[in-house]
Amino acid sequence: MQTVEEEARSLLIQIFTEQNKPQDSLQKRLEEISRSIKKTGTYHLSYDELKYATQLAWRNNSQCIGKVHWKNLNVYDCRALETEEEMFEAICNHTRQALNGGKVINAVTHFRPRSPG
């Protein structure tokens, strides 16, 4: 089983490679993630990392028939929300936007993950 840091490294290498981002930026980001994991036990993806990781997960899902549209997946970042009311409103917004007046669009909304412990 991979550690959190190994999984993060693997994901970031894939993102930076596929998006042709500079290697020095990758090394800097990996160092930031390593420090965060050592200090808190976890790390947080930037919005761009979250969006691309979500798109990759959809693209790489062997059972998804719509995965050819992975680049058009709408990713909503709601990780900063704290209250049930805020989350409920985000779910309602997600539903409205995804249903798009009858012309369904692909969308994923991310909420804050559980903290370790």
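Modeller: Helices here are DSSP runs of H or I with at least four residues and strands are runs of E with at least two, both numbered from the N terminus. The model is predicted, so local features need pLDDT of at least 70 and side-chain atom pairs 80 or more, while totals for chains, interfaces and linings use all residues. Residues are numbered from 1 along each chain, and side-chain values use heavy atoms, without hydrogens and water.

Colleague: Which residue with a positive phi follows helix 4?

Modeller: Helix 4 runs over residues 84–99. The residue after helix 4 has a phi near 50°, and that residue is Asn100.

Colleague: Why are the buried residues of helix 4 on the same side?

Modeller: Buried (under 20% relative accessible area, 1.4 Å probe, protein chains only) describes Ala90, His94 and Ala98 in helix 4. On the other side of helix 4, Glu85, Phe88 and Arg96 are exposed, meaning over 50%. The buried three share one side because, judged by directions from the axis to the C-beta atoms, they cover an arc of only 60°.

Colleague: Which strands help to cover the buried residues of helix 4?

Modeller: The chain crosses from strand 1 through helix 4 to strand 2. What covers the buried residues of helix 4 includes residues 74–78 and 107–111, which are strand 1 and strand 2.

Colleague: What is the bridge partner of Asp77 in strand 2?

Modeller: Strand 1 and strand 2 pair (at least two DSSP bridges) in the parallel sense, over five bridges. Asp77 has its partner in strand 2, and that partner is His110.

How values were computed. Expected span 1.5 Å × (residues − 1). Contact = heavy atoms within 4.5 Å. Right-handed = clockwise from strand over helix to strand, strands pointing away.
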